[in-house]
Amino acid sequence: MSAEKEWYTGITDVAPNRIVIRGYRLEDLVRSVTFTEAAVLLLKGELPGPNERELFDAVLVSAVDHGASPPSTLAARTVASTGGALNASLAAGLLSINSYHGGAVENCMRFLQEAVSSEEHGGTGEAADKIVQKYLEAKKRIPGYGHRMHKADPRVKILKEKAEKLGFAGPFVRMALAVETALSRRGKELPLNVDGMMAALLCEMGYPPELANAIFMFARLPGLIAHSVEERVRQRPMRRIDPTGFHYDGPAVRDLP
């Protein structure tokens, strides 16, 4: 199979003394936009407005780290413990983000899109009842609900408040909350978790489900870097890492300045 001599990309144009990203000169972006805005530009093709930028930032911060026990963190620390390079540790951590760890965001986006598309045949509550019943009868897990640690995930509340304040509490957020209510009426105490709220907000901002896992990885990367570096500088090499044996000894809880 011969290589194509010419092919096209709509992302970046580079020539001597010139770099253009999605039509914008890179020096103008460096001068005027945040890293988050530049990331959205690359992902969606357009710069976000200030409200979307703030909400996307909140989504990223909500997933930036979740302790030393998640599979991606353990994988990254394990590779660091063997003496692996930082890029190897990060690769191991990112490769651990899949269907059952982080993948709930993509699955929940598809679930909410299905639920909202069925809403035209009834109100939000009725559509939520029908799709919950459909999933329960099929014995299918509804992604984005329930959590192994949190009965009331504190991140969900603040993301909901942000969405309302910034004008993004639309049909997907309403449906996500209606599904929580429908589950509760059936005796299923499965509160909306951060993956589910992230899914609703990414739908509200117009992201396709195919980008959900990538956005979760993007959010989690700083945490994986921190854990990988700490493992190398603070722990002995080749230790057997107990996923429940860690104790926090960082700063006490403090208020933001």
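**View 1. The character of the second largest pocket's lining.** In this predicted model, the residues lining the second largest pocket sort into eleven nonpolar, ten polar and five charged. The lining counts 26 residues in total, and the pocket they surround has a volume of about 640 Å³.

**View 2. Looking into the centre of the second largest pocket.** Which residues should you look for here, nearest the centre of this pocket? They are Tyr-100, His-101, Gly-102, Ala-104 and Asp-195.

**View 3. Helices around the second largest pocket.** Follow helix H6 (104–117), helix H10 (194–204) and H11 as you explore this view: each gives at least two residues to the lining of the second largest pocket. H10 provides the largest share, with three residues.

**View 4. The largest pocket and its centre.** Now let us turn to the largest pocket, which holds about 820 Å³ of space. Its lining is made of 24 residues. Nearest the centre you will find Ala-68, His-227, Glu-230, Phe-246 and Tyr-248.

**View 5. Helices around the largest pocket.** Two helices to pick out here are H4 (71–81) and H11 (212–234), each of which supplies at least two lining residues to the largest pocket. Which helix gives the largest share of this lining? That is H11, with four residues. You have met H11 already, as it also supplies at least two residues of the lining of the second largest pocket.

**View 6. The character of the largest pocket's lining.** To finish, the residues lining the largest pocket can be sorted in the way used for View 1: nine are nonpolar, seven polar and eight charged.

Note on methods: Residues are numbered from 1 along each chain as its sequence is written. This is a predicted model: local features need pLDDT of at least 70, side-chain atom pairs count only at pLDDT 80 or more; totals for chains, interfaces and linings use all residues. Side-chain values use heavy atoms; hydrogens and water are left out. On a 1 Å grid over the protein atoms alone, a cavity is a set of points where a 1.4 Å probe fits but cannot get out, and a pocket is an open set with protein on both sides within 12 Å along at least five of seven lines; lining residues have an atom within 4 Å of a point. Grid points are joined across faces, edges and corners, and a volume is the space filled by probe spheres set on the points. Ala, Val, Leu, Ile, Met, Phe, Trp, Tyr, Cys and Pro count as nonpolar, Asp, Glu, Lys and Arg as charged, and the others, Gly among them, as polar.
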